[in-house]
Amino acid sequence: MHSHRIPVAREGTPFIGGAVLAAVVFASLNWSVTAIVFFVIAGFVLFFFRDPERIIPSGPGLVVSPADGRVIDVAEDDRDSLGEKDVRRISIFMSIFNVHVNRVPITGQVRQISYRPGSFWPADRKRALLENERNAILICGEDGIKLTVVQVAGIIARRISCWVKAGDNVKIGERFGLIRFGSRLDVYVPKTVSVLVKKGDRTRAGQTVLARNGSN
């Protein structure tokens, strides 16, 4: 017998359940308009927390997107959030209509996680890169490259969820976290890695190849 996974992130369960319960209560009181409003809210929250399966590409040196969204910047930086030097940054903006479950970009081991509280500027602005709440995850890949992926909260997103910890072995395309209601992710790769996306490109978490390690 095959087990079937419910395609909804577990963080969404209380929100969906609460909205459905409220709708049922108001319906039982014959408050039809209010019940309909809560059923609509439940439908939107269910849509937001959807978590579809993805076909993960295979091949040496691949770096896949950690998020659904739109590439808003590809730039060179002196260092990333965890001090790795001479890196390229790929920034991905997630609107409220994107899948918000985040996936691991490369197979390897989580070496460090650093959470920093901050502001909640709109996630597609440069100010968000410097000042917003964030959670940085350093992964050392099987092929020796170090990659940092940073979850950044936005003006609506006020909660970052990270499901991995330092020392965990992770596999490319695995789920590692979620940001609620609109946000961004920044991926920092060494300059030796060939970036394959450009500003304006659309990405799918665990599926779109952002870059390839030049040593492979």
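Let me begin with the open sheet of 3 strands that runs in the order β1-β14-β12, in which the pairing is antiparallel. Its edge strands are β1, residues 62–64, and β12, residues 193–195, each of which pairs on one side only. If you ignore direction, neighbouring strands of this sheet are turned by 25° against each other on average. I should say at once that what we are looking at is a predicted model, and everything that follows should be heard in that light.

Staying with this sheet, β12 and β14 pair in the antiparallel sense over 3 bridges, and if you want one residue pair to find on the screen, take Ser194, whose bridge partner in β14 is Arg212. As a general reminder, strands of a sheet pair through backbone hydrogen bonds, either parallel or antiparallel.

Now, what lies in the loop between β13 and β14? There we find Thr208, placed in the loop between β13, residues 202–203, and β14, residues 209–213. Thr208 has a relative accessible area of 18%, and since the limit for calling a residue buried is under 20%, Thr208 counts as buried. Leaving aside its neighbours within four places in sequence, Thr208 is in contact with Val63, Val64 and Ser65, and also with Val197, Arg202 and Thr203.

For a contrast in loop residues, please turn to Asn30, which sits in the loop between α1, residues 13–28, and α2, residues 32–48. Asn30 is exposed, with a relative accessible area of 65%, and although Asn30 is not a glycine, it has a positive phi of about 65°.

That loop leads us to α2 itself, where a simple check on length can be made. At 1.5 Å a residue, the 17 residues of α2 should span 24 Å, and the end C-alpha atoms of α2 are indeed 24 Å apart, so expectation and model agree. Which residues of α2 are buried? They are Ala35, Ala42, Val45 and Phe48, and because they cover an arc of only 140° around the axis, they fall on the same side of α2. The general background is that an α-helix has 3.6 residues a turn, so residues three or four places apart point the same way. The buried residues of α2 pack against α1 and β10, whereas on the other side of α2 we find Val33, Ile36 and Val40 exposed.

Since β10 has just come up, let me move to the sheet that contains this strand. It is an open sheet of 3 strands, ordered β4-β10-β8, with antiparallel pairing. The edge strands here are β4, residues 101–103, and β8, residues 160–162, and each of them pairs on one side only. The average turn between neighbouring strands of this sheet, direction ignored, is 25°. Strand β8 and strand β10, the latter covering residues 175–179, pair in the antiparallel sense over 3 bridges, and within that pairing Cys162 stands opposite Gly177 in β10.

The last topic is charge pairing, where the count comes to 10 salt bridges, and I will pick out a few of them. Glu76 and Arg88 meet through their side chains in a salt bridge, at 3.7 Å from N to O. This pair links distant parts of the chain, with Glu76 in strand β2, residues 69–79, and Arg88 in strand β3, residues 85–94, the two being 12 residues apart. Glu76 is exposed at a relative accessible area of 52%, while Arg88, at 23%, counts as partly exposed.

Glu76 also forms a salt bridge with Lys191, and there the closest N and O atoms are 3.3 Å apart. Because Glu76 lies in strand β2 and Lys191 in the loop between β11, residues 183–190, and β12, this pair ties together parts that are 115 residues apart in sequence. Lys191 is partly exposed, with a relative accessible area of 34%.

How exposed or buried, then, are the partners in the salt bridge between Asp186 and Arg184? Asp186 has 0% relative accessibility and counts as buried, and Arg184 is likewise buried, with a relative accessible area of 2%; their side chains meet at 2.9 Å, N to O.

Finally, a network of salt bridges links Asp51, Glu53, Arg103 and Arg175, and I will stop there for discussion.

Methods. Residues are numbered from 1 along each chain as its sequence is written. This is a predicted model: local features need pLDDT of at least 70, side-chain atom pairs count only at pLDDT 80 or more; totals for chains, interfaces and linings use all residues. Side-chain values use heavy atoms; hydrogens and water are left out. Helices (H or I, at least four residues) and strands (E, at least two) are DSSP runs, numbered from the N terminus. Buried means under 20% relative accessible area, exposed over 50%, partly exposed in between (1.4 Å probe, protein chains only). Contact means heavy atoms within 4.5 Å. Two strands pair if DSSP finds at least two bridges between them. Axes are lines fitted to C-alpha atoms, for helices over the stretch in contact, and angles run from 0 to 180 degrees between N-to-C directions. A salt bridge is a side-chain nitrogen of Lys or Arg within 4 Å of a carboxyl oxygen of Asp or Glu. The expected span of a helix is 1.5 Å times one less than its number of residues. The arc is that of the directions from the helix axis to the C-beta atoms.
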